[in-house]
Amino acid sequence: MEHIAIYNLYPNAKSINETEDGVLEVKDADGNEVSIDMSAVNTKAAELQTQAEADKQSLIDLKASAKAKLMAGEALTEDEANVMIGG
């Protein structure tokens, strides 16, 4: 998630290289180093991870709701129908 966080926070970042000792080298399109705030990156990465987990749980809940409605003969919402057909 760190890389995604960096690209979110620093739109001028075009490449990220992790050195053997774990240091992230961020460069722009011209190969110039982009200075980053790792505290901000870690915070953003945690936010992104939390959102990804929430999205995953939401999908699980939506599928369960759709299945229950189908079994009960109830109409599905558009979102429920889409999740059932993979759309």
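**Exercise 1. Find which residues asparagine 17 touches, leaving aside residues up to four places away in sequence.**

*Solution.* Start by placing the residue in this predicted model: asparagine 17 sits in strand E1. Next, look for its contacts beyond the close sequence neighbours: asparagine 17 touches Val23, Leu24 and Glu25. Then check a longer step along the chain. Lysine 27 is ten residues away from asparagine 17, and their C-alpha atoms are separated by 8.4 Å. Finally, consider accessibility: with a relative accessible area of 43%, asparagine 17 is partly exposed.

**Exercise 2. Work out in which sense strands E1 and E2 pair, and name the bridge partner of isoleucine 16.**

*Solution.* Take the two strands in turn: E1 covers residues 15-18, and E2 covers residues 24-27. They pair in the antiparallel sense, over four bridges. Now go to individual residues. Isoleucine 16 has valine 26 as its bridge partner in E2, and glutamate 18 stands opposite leucine 24. To finish, inspect the connection: five residues lie between the strands of this hairpin, where glycine 22 takes a positive phi near 85°.

**Exercise 3. Sort the side chains of strand E2 by the face to which they point.**

*Solution.* Recall the background first: side chains in a regular strand alternate between the two faces of the sheet. Now apply this to E2. Leu24 and Val26 point to one face and are buried. Glu25 and Lys27 point to the other face and are not buried.

**Exercise 4. Follow the chain past E2 to aspartate 30 and decide whether this residue is buried or exposed.**

*Solution.* Aspartate 30 belongs to the loop between E2 and H2. Its relative accessible area is 68%. The cut-off for exposed is over 50%, so aspartate 30 counts as exposed. As a spatial check, compare its position with lysine 14: the two are 16 residues apart in sequence and 8.9 Å apart in space, C-alpha to C-alpha.

**Exercise 5. Count the salt bridges and describe each pair.**

*Solution.* The rule is a side-chain nitrogen of Lys or Arg within 4 Å of a carboxyl oxygen of Asp or Glu. By this rule there are two salt bridges.

- Begin with lysine 44 and glutamate 47, whose closest N and O atoms are 3.9 Å apart. Both residues lie in helix H2 (residues 38-72), and because they are three residues apart, about one helical turn separates them. Lysine 44 is partly exposed at 24% relative accessibility, and glutamate 47 is also partly exposed, at 44%.
- Continue with lysine 69 and glutamate 80, where the closest N and O atoms are 3.2 Å apart. Lysine 69 is in H2 while glutamate 80 is in helix H3 (residues 78-85), so this pair ties together parts that are eleven residues apart in sequence. Glutamate 80 is buried, its relative accessible area being 4%.

**Exercise 6. Describe how helices H2 and H3 cross, and which residues meet there.**

*Solution.* Look at the axes first: those of H2 and H3 come within 9 Å and cross at roughly 100°. An angle of 65 to 115 degrees counts as roughly perpendicular, which means that H2 is roughly perpendicular to H3. Then list the residues in contact. From H2 come Leu59, Leu62, Lys63, Ser65, Ala66, Lys69 and Leu70, and from H3 come Asp79, Glu80, Val83 and Met84. Sorted by type, the residues of this contact divide into six nonpolar, one polar and four charged. Remember that the pair Lys69 and Glu80 has appeared already, as a salt bridge.

**Exercise 7. Locate threonine 43 and serine 65, and state how far each lies from a chosen partner.**

*Solution.* Threonine 43 is in helix H2, and it is partly exposed at 43% relative accessibility. Its chosen partner is alanine 5: the two are 38 residues apart along the chain, with their C-alpha atoms separated by 8.6 Å. Now turn to serine 65, which is in helix H2 and partly exposed at 27% relative accessibility. Here the partner is lysine 44, which is 21 residues from serine 65 in sequence and 31 Å from serine 65 in space, C-alpha to C-alpha.

How values were computed. Residues are numbered from 1 along each chain as its sequence is written. This is a predicted model: local features need pLDDT of at least 70, side-chain atom pairs count only at pLDDT 80 or more; totals for chains, interfaces and linings use all residues. Side-chain values use heavy atoms; hydrogens and water are left out. Buried means under 20% relative accessible area, exposed over 50%, partly exposed in between (1.4 Å probe, protein chains only). Two strands pair if DSSP finds at least two bridges between them. Axes are lines fitted to C-alpha atoms, for helices over the stretch in contact, and angles run from 0 to 180 degrees between N-to-C directions. Angles under 35 degrees count as roughly parallel, over 145 as roughly antiparallel, 65 to 115 as roughly perpendicular and the rest as oblique. Contact means heavy atoms within 4.5 Å. Ala, Val, Leu, Ile, Met, Phe, Trp, Tyr, Cys and Pro count as nonpolar, Asp, Glu, Lys and Arg as charged, and the others, Gly among them, as polar.
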